[in-house]
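Trainee: Could we go through this structure slowly, one question at a time, with each term explained when it comes up?

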Amino acid sequence: MAEPLLQIDDVSISFKTVSGKVQAVRHVSLEVRRGECYALIGESGSGKSTLAFAAMGYLPENGSIESGRILFKGEDITRYSHAQLEKLRGKHVGMVFQNPDTAANPCYTIGEQLMEGIIYHEKISRVEAEKRALAMLEAINIPDPKSIMQRYPHQISGGQKQRITIAQALLSHPDLIIMDEPTTALDVTTEIQFLRLLEEVRSRTNVAILYITHDMGIVARLADRVGVIYAGALVEEGSRETMFRHPAHPYTQGLMHSISSIEADRKHKGYSMPGLLPNLISLPPGCAFAPRCSVAEDCCSSALPAVQLIPSEDGVEHRVFCHRAGTPLSFATDAVEECVGRYGGENQCSEPLLEVRNLKKYYEHSTFMDRMLRHKPRCVYAVDDVSFSIMPGETLGVVGESGCGKSTLGKAILRLAEATDGTVLYRGEDITHKHSQSLCKSIQIIFQSPDSSLNPRHSLYTILSRPLLLHGIATDRADLEKRCYRLLDMVSLPRTYLHRKPHQLSGGEKQRVAIARAFAVHPSFVVCDEVTSALDVSVQASIINLLRDLQREFQTSYLFISHDLSAVREISQRIAVMYLGRLVEVGSTDQVFRPPYHPYTKALLSSISLPCIPQPHKSILLEGQIPSPANPPSGCRFRTRCYRKQCEACSTVTPDMVFRDGHGLACHLDWSELEADTPVFPESFLS
Amino acid sequence: MSPVYILKRFCFMLVTLFCISIIIFAITMVLPGNLAQVILGEFATDDALRALEDQMGLNLPFYEQYGKWIWGVLHGDFGHALSMDQPILPLLLFRLKNSAILAAFSIVLVTIIAIPLGVFAALHRNSAVDRIIQVSSYVGISIPEFATGSLLIIAFAGPVLNLFPSAGYVPFSENFSEALSHIVLPVMTLVIVLIAHIMRQTRSEMIHVMQSDYVRSARLRGLSNRMVVFKHALRNALMPTITVLALDVGYLIGSVVVIEEVFAYPGIGRLIVYAVTSRDVPLLQATVLTVACVYCLVNFLADLAYGLVNPRIRYQ
């Protein structure tokens with residue numbers, strides 16, 4: 001066993017706030033050993049980031065370490081002076097942050113920010129520092145490092161930036177790198193490049209990694225050991241294999257089950273853990289998880305659980321903090337009742353509810369000068385010639401990387417962005433440029449972040465009563481209140497919430513309010529724009545279940561826009577894959593997940609990190625960056641990143657969508673050739 | 001910063017100035033009162049009035065009058081000040097120079113006092129020193145200038161502490177120390193008024209920037225406190241301050257009427273007031289246009305300075 005590098009020994013951290021003392025971290029002990037990758041997982045607000053920052057000797061002004069020691073190579077860093085901390089951060093521990101866009105100073109070039117640390121700490125010359133920075137960028141395969149060094153952060157892409165922060169963290173040859181959700185802000189295809197790079201770095205150097213995340217797929221791929229943190233306390237720790245195969249703590253077990261993933265059984269609802277994180281200001285005396293635990297006993301809520309060591313197959317210490325460790329739990333969920341309405345029922349070929357024909361949305365950004373000089377208008381081709389239809393009660397999932405135009409597509413259908421060309425038919429009627437009250441009533445949208453889509457100054461009552469009054473649904477005050485209560489019941493929120501404000505609710509609850517608002521007018525078509533992306537994994541499943549229940553009840557159709565393929569697979573009957581403003585593949589969920597694949601779809605599918613596949617499966621790395629939609633490649637838009645053999649037509653002719661059994665592919669390759677492709681997932685996963 | 005950006009900002013400034021000149025000319029045209037009447041007095045005969053109107057081109061259509069005027073302005077000919085019967089240009093330049101001296105001293109002082117104060121207050125947020133800085137700067141901005149000016153006169157030019165002259169003006173070319181002592185009190189008044197502006201702007205922006213991710217990441221890369229504050233935070237925090245500074249320069253040039261009045265200082269602000277009260281239309285047009293020019297020029301310079309510190313400004 002390697003010697004310990006970072007030891008966190010019985011550490012408690014608290015924050016002083018207006019409403020009281022927040023116990024962010026409580027008596028956590030863990031250690032990261034030389035050369036290992038330790039993953040720390042937990043919901044947002046569980047204290048995992050606080051712990052990571054504390055390991056670098058960094059706490060916000062109102063935070064303090066109440067007890068315990070943090071040892072780095074045997075020295076207690078909580079007693080470090082300012083100068084010692086600077087040296088620790090500059091030389092021995094590197095850090096990679098969640099959001100690469102905001103972590104770099106917009107005022108200085110990449111090169112300057114790479115070099116300043118080593119110039120300051122190692123007292124080397126600029127020339128030498130530049131040499132080292134260049135060598136590091138080359139080592140992590142950044143194309144054209146010289147020009148990257150001279151660019152400013154806003155001139156490079158997010159994925160590129162995150163690779164550069166790795167370079168920055170590695171530049172001082174640290175022993176430990178702390179990563180705080182480094183891929184959360186990245187697309188799957190960029191994420192896979194990042195993870196590859198990380199694997200490469202680990203094989204080359206002996207750097208230890210403390211990886212903070214809530215993504216089980218990444219944990220399965222990277223981690224040697226895993227620690228689970230709940231409400232500021234470590235609840236379980238063990239090797240990756242043990243944690244995935246034999247989780248002992250009820251919370252870990254629930255977490256493993258709540259992942260909405262590809263291998264989840266589509267015939268049953270996803271499991272979602274009941275309840276919420278407890279209030280960290282007034283914690284109950286016993287186990288913090290007891291109120292949400294299905295096997296809790298009296299002792300759980302009265303005494304703190306002591307550590308238990310469980311024998312593990314691989315000999316790696318497996319620690320659990322639970323009175324009832326190892327109690328088998330039942331996670332059986334109800335079967336999904338398929339929509340028996342007009343879709344999927346007997347009269348399957350009814351009229352489509354919504355039909356989109358050759359829809360185009362270009363954003364013109366000609367300047368004053370361009371217009372004066374009569375230049376050809378410069379356009380961003382956000383949505384370019386997209387056609388599809390949605391049946392009543394059906395869900396069409398739209399997937400693609402950020403910037404592919406999927407959100408614009410949703411907005412163009414709702415006329416939040418006026419379509420440049422093409423038609424949108426609703427129940428056979430052209431609504432492309434039509435605006436009417438009744439249309440607003442039948443077509444609704446739910447946005448990604450409920451924090452910004454709900455007015456923070458309004459109570460839920462005001463929020464929910466607005467659409468009811470606007471569309472004349474409620475007749476009088478009493479009726480209005482009754483309807484608001486019914487809406488809360490519908491999305492399983494307690495009636496007592498009616499006069500609360502959004503900030504008093506958790507993220508998942510806020511999203512429920514947003515859903516209730518959309519359903520207040522009984523819409524027949526709802527655009528769900530990344531509705532689960534801002535939520536914790538343990539809540540995502542419950543939101544999807546809710547949407548599915550509502551769909552069954554009201555026969556609503558969804559356009560479910562997301563970059564999360566697992567979520568899309570769970571809820572959609574059909575999936576459309578979008579790349580750079582165009583659809584490349586449309587088909588039923590089963591069709592899309594099986595060959596024939598569009599080369600892009602295959603790359604997307606293979607990028608998903610799966611928790612339950614022990615060996616990382618072979619993923620296709622897409623070369624380079626997604627081209628700018630202002631200047632898309634000629635012919636097939638995907639050709640610049642396509643890994644299949646290319647013919648002449650690829651660069652000259654835009655491929656048409658070819659349909660077979662309702663499965664459409666836009667590729668110049670022959671159908672038979674695409675059909676012969678190896679499947680990404682074993683058949684046993686998909687049935 | 002690309003030359004295209006500079007050229008663009010410059011063209012933008014010219015267009016703005018053109019619009020302003022039209023507005024100024026139009027407004028002075030529709031002011032009540034006949035220019036010929038003003039010159040000849042109320043007992044002039046109709047014939048004499050008509051003759052003068054013809055001579056001055058007052059009966060020409062608007063665009064022709066404007067054309068003649070702007071053509072003159074572009075050639076440095078602002079016409080004659082009717083009330084003083086002398087060419088406007090030398091008078092204007094003299095007054096502009098005086099106001100500029102006042103403005104320059106004030107703005108330099110405000111910059112070197114307010115920005116460090118703002119940074120200090122931000123870094124020691126909610127401390128006693130921060131509170132004192134905040135409150136005293138508020139007092140400065142809430143008391144009207146004439147009151148501040150008068151108080152300063154009582155304090156420093158009164159019978160007790162007769163340190164500086166209370167009013168008047170001495171050219172710098174004549175007697176440097178005399179000239180300096182004459183502008184001490186007006187400059188002090190302006191600084192007291194403006195400090196709160198710049199200080200508050202710098203403080204709030206600095207607090208905002210210090211909480212940003214990139215400052216945290218700079219800290220976590222082990223950079224020293226000085227590098228974090230002065231290299232990473234300050235440059236970003238100063239961007240909005242530059243804009244506010246430019247607006248304040250405009251204020252200093254054009255709107256210091258009260259200060260110049262209190263200290264009997266011959267600046268351009270007083271000249272505007274004089275032009276209005278004596279119904280001297282050509283003088284009014286010239287002075288207002290000059291102030292507008294200064295305003296635009298300062299904003300143009302601020303745009304350039306902004307482009308220098310902010311690499312994201314890059315017009316293609």
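Mentor: Let us begin where the two chains meet: 22 residues of chain B are in contact with 27 residues of chain A, where contact means heavy atoms within 4.5 Å. This is a predicted model, in which local features need pLDDT of at least 70 and side-chain atom pairs count only at pLDDT 80 or more, while totals for chains, interfaces and linings use all residues. Residues are numbered from 1 along each chain as its sequence is written, chains are lettered from A and ligands numbered from 1 in the order in which they are written, and side-chain values use heavy atoms, with hydrogens and water left out.

Trainee: How much area do chain B and chain A bury between them?

Mentor: Buried area is the accessible area (1.4 Å probe) that two parts lose on being put together, summed over both. Of the area that chain B and chain A bury, 59% is on carbon and sulfur atoms. The value for the two chains is about 2400 Å².

Trainee: Which residue of chain A meets the side chain of B:Arg221 in a salt bridge?

Mentor: A salt bridge is a side-chain nitrogen of Lys or Arg within 4 Å of a carboxyl oxygen of Asp or Glu, and the rule finds 3 of them across the interface of chain B and chain A. For B:Arg221 the distance from N to O is 2.8 Å, and the partner is A:Glu116.

Trainee: Which element gives the most residues to the side of chain B that touches chain A?

Mentor: Helices (H or I, at least four residues) and strands (E, at least two) are DSSP runs, numbered from the N terminus. The elements that give two or more residues to this side of chain B are α9 (213-220) and α10 (225-254). The element that gives the most, with 7 residues, is α10(B).

Trainee: Why does the span of helix α18 of chain A agree with what its 14 residues should give?

Mentor: The expected span of a helix is 1.5 Å times one less than its number of residues. Helix α18 (residues 477-490) should therefore span 20 Å, and its end C-alpha atoms are apart by that very value, 20 Å.

Trainee: Which residue caps the N-terminal end of α18(A)?

Mentor: The cap is a side-chain oxygen that lies 3.1 Å from the backbone nitrogen of A:Ala478. The residue that carries this oxygen is A:Asp476.

Trainee: What covers the buried residues of α18(A)?

Mentor: Buried means under 20% relative accessible area, exposed over 50%, and partly exposed in between (1.4 Å probe, protein chains only). In α18(A), the buried residues are A:Asp479, A:Leu480, A:Cys484, A:Leu487, A:Leu488 and A:Met490. Their cover includes, in chain A, α17 (460-470), α19 (507-519) and α20 (537-554).

Trainee: With which side chain does the side chain of A:Gln551 make a polar contact?

Mentor: A:Gln551 is found in helix α20 of chain A, and it counts as buried because its relative accessibility is 1%. A polar contact is a pair of N or O atoms within 3.5 Å; within protein, one must be able to donate a hydrogen and the other to accept it, and residues adjacent in sequence count only if both atoms are side-chain atoms. Here the distance is 2.8 Å, and the partner is A:Thr395.

Trainee: How far apart in space are A:Leu195 and A:Ile218?

Mentor: A:Leu195 is found in helix α8 (residues 188-204) of chain A, and it counts as buried because its relative accessibility is 0%. A:Leu195 and A:Ile218 are 23 residues apart in sequence, and their C-alpha atoms are apart in space by 8.1 Å.
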